[in-house]
Each structure stands twice: as C-alpha cells, then as structure tokens.
Amino acid sequence: MIKAVKGMNDLYGKDAYRWGRMEEDIKMIVQTANYTEFRTPIVEEIALFKRGVGETTDVVQKEMYDFLDKKGRHIAMRPEGTASVVRAFIEHGISVNEPSPFKLFYIGPFFRYEKPQKGRYRQFHQLGIEIFGDDTPQMDAEMIFTACRVLDHFKIDYEVHINSIGCNECRPVYKEKLIEYFSSKKDKLCEDCCKRIKTNPLRLLDCKSCNMKMEYQKVPVMIDHLCGVCSDHFEKLKKSLRIFHVDPVIDPYIVRGLDYYTRTAFEIVADTGGSQNAVAGGGRYDNLVSDIGGPDTPATGFAMGLERLFDMVPEDFYQTPMVFAGYVLCEEAVDDLVHFAKHMSHHPVTFFADYRPKKIKKALQKADKAQISFVFIFGENEAKNKTVLMKNMTTGEQKTYGQHEVMLIVRELMDASAEFYSKK
RNA sequence: GUGGGUAUAGUUCAAUGGUAGAGCACCGGAUUGUGGUUCCGGGCGUUGUGGGUUCGAGUCCCAUUACCCACCCCA
C-alpha cells in the first residue's frame, strides 16, 4: 500500500473547502492593504538559500530537500520564501522598474525535512509579505499590523512579541559582550550552546534547555545596547504599533532563526493546540538584498504558518455552500435532466446532476445525505408532461414546473440563496 | 537527530494466552413516486511487517516500518 510521503498531507472535502476559503480571505485582506501577488518557483539553486537564509542555520544545514538535476545542478525545494523573492526582485530590476516601496505577498507550499508533529509538516504552507525600499519603523509597524489584521479576521487571540536585534554597527559590539558574558559561564551551558558561542551567540538567548534560564535577567540584551539610530527606530516602532492599536510585548529574547534579520524582529504567538505556538514571525532585513548582489535596499516582511492558522479557524467559520441537485427516476427522463443541467450551468448556482436512474426514495435519501437544499426530480410523469418536480429539502414543500420555466426556477433558487447567505 | 505513545473491518474502538467483535459509515429490504427517525438483513479482516517463546499469540519477547505527541528548530 503506497501512502503519502511522511509529513505531507492530503486535503479534501470540507477541509479543502475551508482551506480554499481561508486563502481567499487572506488574499482579500492583503490585497486591500496594497500587496500584490508574487509567485516564484518551488525550487531554486541551493546556493540561494545557503547565502540568503544563512549557512549556519538549521534550516540550511539539515532541513533542506535538495537534489541534483539531470544536468548536475544542485537544486533545493524552497524552505522559506524571502530568499526567492529577493532573488526575483534583483533579477527583474524591480528596484528601478517598479514604484517604491514595492509591496508583495505570496501564498504557497514550502518544504523542510523535519520530524513532523502538530503544526509542523514537511510540506507546509505560508503566507508571506515583503516590502522593499522603505526603511521606516512605521512600515515595520504597518507590516506587523497587516499580520494582525489577518488574525483578527479569523477572530484569533494572539500576542505580538517584538524585539530589536540591532544593525551592523551595534550588533558586533553587543555580540562581543555576549560572548564575554557566556564564556565565563560555560559550565552552565548545554552542549549545543557551547558550540553556539562561536557560531551564533545570539541563539543562546532563546535556548530553552540549558540551565542559564534562571540567570536570564542578568544576561546583557540587545535592546540595551542599540546604537542611536537603532534605538530611535525601535522607539518609533513601538509608538506606531500603538497607533495601530497593536499592543506589543517587548521580548528581548526573540532571535530569529534565519540569519538575515536586522533591527526589528517579531513573533506572533497563539494557542495553536500544539507546542508550535508561533503562528507568524518576521522582521526587517536591510542587508539581504545587497548581500545577494542587488542594490542596497531596505526590506521588511513576515511569514505566517497556514496550517497553524487553519487549526485555529473555528470549524463553523465557513458555512458550506448551498447546493442544488437533479435526479432521474427512469431512463426516459435522462435527456431532460441533461437539458436541465445545461441550462443550470448558465446561472450562478451550485448544481449537480445524477444521471443514474433510481427510485425516488433513494434519490431523496442521497440528496439528504449530501445536504442538498433543493432537488429536481425527473420521473416518468415529468418526462411525459415535460415538467420537473422541485422539492425544498428543508421545508418539504414541492412544486411542479414546466421544463421551460427554468428562469422562474432559478429566480426562486437565487432568492433562497440570498436568504441562506444573509443569515450567515 | 533524541525521547514517549499507538498500530485489529472504510472509520472509531473492543477482545483474563484458547474459534476476532460492536457502534458509526456503507449496501439491500419493510408492496404503489417522497428524505431525515425507527425496524430487519448484509463482515473470513494476510490483527502494520519480519522473527522468536508456546500445544496454542491480536494478546508475551525482539527487530523493523508508519502514524501521533514532545525535544531540537521554525511559520
């Protein structure tokens, strides 16, 4: 028995419907905020992620789906969206060809070779937004606010955690202080953290396992060592967020796992039902575009985990659509149903036809199970008189129409639909 | 990569080491062209896979795989 590949899921039926509606709503929200859709390939040269995401990150070191193609090119399936978008931004000269700031969003699948658990899969989906060419803290705030708008739409409770991780000026100075601090306490650090002192000292801050936890209060934190410009940026970010009615928690231990962030870093946490409680995360990355060989361009953005979001959208958030169906009771009536199906296809109602003759009892049973709102019965009598029996499955009312009166029928259905959806 | 749990019918779950069952779902029926409720009928499934212990294994032991959860990390 062949099964789906580990960590990859099928989606069908009601869940697929809800997922589709969720994506529609998300698109509507970000498009209203003037983000335009940006689609990049699922795969890229692996070098892009190594440079963009960072050679030392877990994502690059052990979580990448990569392979050699038939020409021996080293390809990777995208583990995140920012690197690809930055590559495309540079490749198409968007900084000179499009008005600035350039605001975009993407929705799609991403791949990481991790051990699956709740809220974490090997193929997962993200909404991402990125803004190029605007270095203001106000734009950071608007970007975070946009994430909040999405969550608000789905009536989700969440907390916004923000931090500043400085810039090329102040971070190196701070890193030295951090290394100095931790070097004297090596005996209290876990194995991983001892290594991290050299490779990525910032990561020590959000290590949950090593017993430095108790002494976090004394650990020097970045926000106390920001340079003037960064400090000003952070203050204005907080102020702007408050204007947007976003009440942030200042969390000096947020360290993004990807290397490219500068200044603003943020995470949105919520009760996703599992231990993976970060539903969105991101921040500013003013150096990434130039690091990858593009023009010096400030940028900011975030990614949101759609599986984690989906798990929090209430089951009844979306009503299933109203469906109409046609059944035949005998062979002679089949062509009438075909004609009817053709006519119905011209109208904005969801209609399906079952061309297999069956007893009326069976037809109604099937309709009931499929939660059909109105059924159209084509039997011997109807075939003889060129009529159709329409039955309202909710009220039990039924009425016979001439088959030419389709317009009349459709008008009744539209009225019924309007009433149905207005109750939502 | 490291732990813990689980694995039996389409599905959810039962079965003191002694012939594998139930609910739901599904299909059929309860005389004439009317659904939801009710009643009746319909089940041999290599008990995830491979070994072992035993007169006998769904049950005990070992291995393996998959799924779920957690660590790590991230969205």
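**Close-up views of a predicted model**

**View 1. Cysteines without a bond.** Searching the whole structure turns up zero disulfides. C170 is a good place to look: the nearest cysteine sulfur belongs to C227 and sits 3.6 Å away, and C170 is in no disulfide. C170 is also buried, because its relative accessibility comes to 4%. C227, for its part, has its closest cysteine sulfur in C230, at 3.6 Å, which is too far for a bond because a disulfide needs the two sulfurs within 2.5 Å. Keep in mind that this is a predicted model.

**View 2. The eight-stranded sheet.** Here's the open sheet, with mixed pairing and the strand order β1-β5-β6-β11-β10-β9-β7-β8. At the edges stand β1 (36–37) and β8 (249–250); each has a single partner strand, so one side of each lacks a neighbour in the sheet.

**View 3. The β5–β6 pair and its helices.** Strands β5 (residues 102–111) and β6 (residues 123–132) run antiparallel and are joined by 10 bridges. One of the bridge partnerships links F102 with F132 in β6. Helix α6 (residues 137–153) packs on the sheet, touching β5, β6, β7 (159–164), β9 (262–269), β10 (278–284) and β11, and its direction makes about 15° with that of β11. Helix α4 (residues 82–91) lies across β5 and β6, at about 45° to β6.

**View 4. Around G294.** G294 sits in the loop between α10 (288–291) and β11 (299–305). Buried or exposed? G294 is buried, because its relative accessible area is 16%, under the 20% cut-off. Leaving aside residues up to four places away in sequence, G294 touches I90 and V289. D247 is 47 residues from G294 in sequence, and their C-alpha atoms are 35 Å apart.

Definitions and conventions:
Residues are numbered from 1 along each chain as its sequence is written. Chains are lettered from A and ligands numbered from 1 in the order in which they are written. This is a predicted model: local features need pLDDT of at least 70, side-chain atom pairs count only at pLDDT 80 or more; totals for chains, interfaces and linings use all residues. Side-chain values use heavy atoms; hydrogens and water are left out. Buried means under 20% relative accessible area, exposed over 50%, partly exposed in between (1.4 Å probe, protein chains only). Helices (H or I, at least four residues) and strands (E, at least two) are DSSP runs, numbered from the N terminus. Contact means heavy atoms within 4.5 Å. Two strands pair if DSSP finds at least two bridges between them. Axes are lines fitted to C-alpha atoms, for helices over the stretch in contact, and angles run from 0 to 180 degrees between N-to-C directions.
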